[in-house]
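Hi,

Here is the structure we talked about. Please have a look, then read my notes underneath.

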There are 2 protein chains.
Amino acid sequence: MKLRRSERIVAITKVLTDKPYRLFSLNHFTAKFDAAKSTISEDLSIIKRVFAAEDMGRIETISGAAGGVRFIPKKAADDIENVVTDLCQELSDANRILPGGFLYITDLIFSPEKIMEIGKIFATQFAKLDVDYIITIETKGIPIALATARAMNLPVVSIRKDNRVTEGSAVSINYITGSSKKIETMSLSRRALPEKSKVVIIDDFMKAGGTAKGMLDLLEEFKSEVLDIGVLMETAQPESKLVSDYTSLIVVDKVDEKNQEVVVRPSNCILTEVD
Amino acid sequence: MKLRRSERIVAITKVLTDKPYRLFSLNHFTAKFDAAKSTISEDLSIIKRVFAAEDMGRIETISGAAGGVRFIPKKAADDIENVVTDLCQELSDANRILPGGFLYITDLIFSPEKIMEIGKIFATQFAKLDVDYIITIETKGIPIALATARAMNLPVVSIRKDNRVTEGSAVSINYITGSSKKIETMSLSRRALPEKSKVVIIDDFMKAGGTAKGMLDLLEEFKSEVLDIGVLMETAQPESKLVSDYTSLIVVDKVDEKNQEVVVRPSNCILTEVD
């Protein structure tokens, strides 16, 4: 069946947005829809215009023989602020306080709709970086890392918190959790990550930064270049972390078990304009 | 800016496919695009027709006051077969054989593009079920569960493999892994899953079914109704598993460490037509 313009652009929109960052040649669409290159080009410029006008991400056309078109998820600054503000509101619920002054966040992290939004925010933040892999550590980092990786079309590599790795030879390190001063082990299979990869670390939470520091040390064994660290939440205290360069979305000022009070706010990082 | 038809349907397609299963009222679109209800209805019928013709999932319109329109991801039978056949080919690589006759699959499970496809396949299989939660067990089940949950717009609940749960009161059970006969512990926080929920279990691998049986026992403590179990891969041996009702996508016939040979094939389950 030969499609009309309005029909073709529905299909093209679906194909492009289904696979963020994946480059499709114009030939892919001319063959698929039995249409001239000029026709597909016009279709694409309509889609491009709408995405720009509606702040739905960017349709990027790359010219030349190796060129094509791709969809780059990108959240507008006010949209990012809305998502983070909504999350802060949900997190401020005193019912989330767990014994020991922890905050229950598992439901948010395992909500696909919410986590996809968070992934798109990190993808927007890291869009300019030339990343090969998203690195995380089990368990709660995984959903955030996957959502970010999905929006950037990158593979995830997940560090394990034990050394019972059944994945061939692995590198293990001991690290000291910055807050509770316990010695823990993390390990990564050699085959999971090629040497000299460029990576971004994603995790759910940073207190003193001990886990992040451990990840940096482990990644050094793989000669990785760590381009940035993204964490969903950081605690305001201790102010000085064991790692210096990172991006957080939310700051936890206070979890007061006794008075049943939670104070969280959007991080400064996300209030700076993302172009 | 007032959009033309071809522009409006680009935006509507993006909005609907971004949030699978999420119901949008027609008013949402009439307000957003300053267009008459009849205009939006015509837009939607074009989108609906294209999605049907191109096997891109289903656009479902629900009439009445509480009605609206939503996108239901649905993979065509031949598309499912292609994805699974491709996976089988990748898995057949002898380089995947790990010491002990295990198969390295972590890279596939942590590849967002591949895992989203697998999630859509499970979502297609379970589309007719009235599910509240997708249940999985850490670690490798999580990406598959999230991808399935994303395609069905459902929350994930992840069972932990230890009892160091910092999430308030939890239920723990000991279970015996069906293959290696070791006693392990799994636990789930009380607040993670409301009683009497209807759930589907998703995991990466089933050998004898000991872990799945443990999950069923644990979920019984929550009075859950388990509607189905989906596993990415099952081993052909032992033929008789500790659980009877499950859907697998891939069957592992042989991982021969000595002769460096892997034999895998698409499971019968996925070769039956999905309507």
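Of the 275 residues in chain A, 45% count as buried. Keep in mind that this is a predicted model.

Overall form of chain A next. The C-alpha trace spans about 65 × 45 × 30 Å along its principal axes. Chain A holds eight helices and 12 strands. Take the contacts between residues at least 6 apart in sequence: 63% of these join residues at least 24 apart.

Now the domains. The assignment splits chain A into domain 1 (5–72) and domain 2 (77–271). Their C-alpha centres lie 33 Å apart. The two domains do touch: domain 1 of chain A gives six residues to the contact, and domain 2 of chain A gives six residues as well. On the domain 1 side of chain A, the touching residues are three nonpolar and three charged, with no polar ones.

One residue in chain B got a closer look: Tyr133(B). It sits in strand E5 of chain B, which covers residues 133–137. Is Tyr133(B) buried or exposed? It counts as buried, because it has 23 C-beta neighbours inside 10 Å and the cut-off for buried is 20 or more.

Which residues does Tyr133(B) contact, leaving aside neighbours within four places in sequence? The partners are Leu154(B), Pro155(B), Val157(B), Leu193(B), Ser197(B) and Val199(B).

Glu54(B) is another matter. Tyr133(B) and Glu54(B) are 79 residues apart in sequence, and their C-alpha atoms are 30 Å apart in space.

Best wishes

Technical notes: Residues numbered from 1 in each chain as written. Chains lettered and ligands numbered in written order. Predicted model: local features only at pLDDT ≥ 70, side-chain atom pairs only at ≥ 80, totals over all residues. Domains from an automatic or database assignment. Contact = placed C-beta atoms within 7 Å. Nonpolar A, V, L, I, M, F, W, Y, C, P; charged D, E, K, R; others polar. Helix = DSSP H or I, 4+ residues; strand = E, 2+ residues; numbered from the N terminus. Buried ≥ 20, exposed ≤ 12 C-beta atoms within 10 Å, placed from the backbone.
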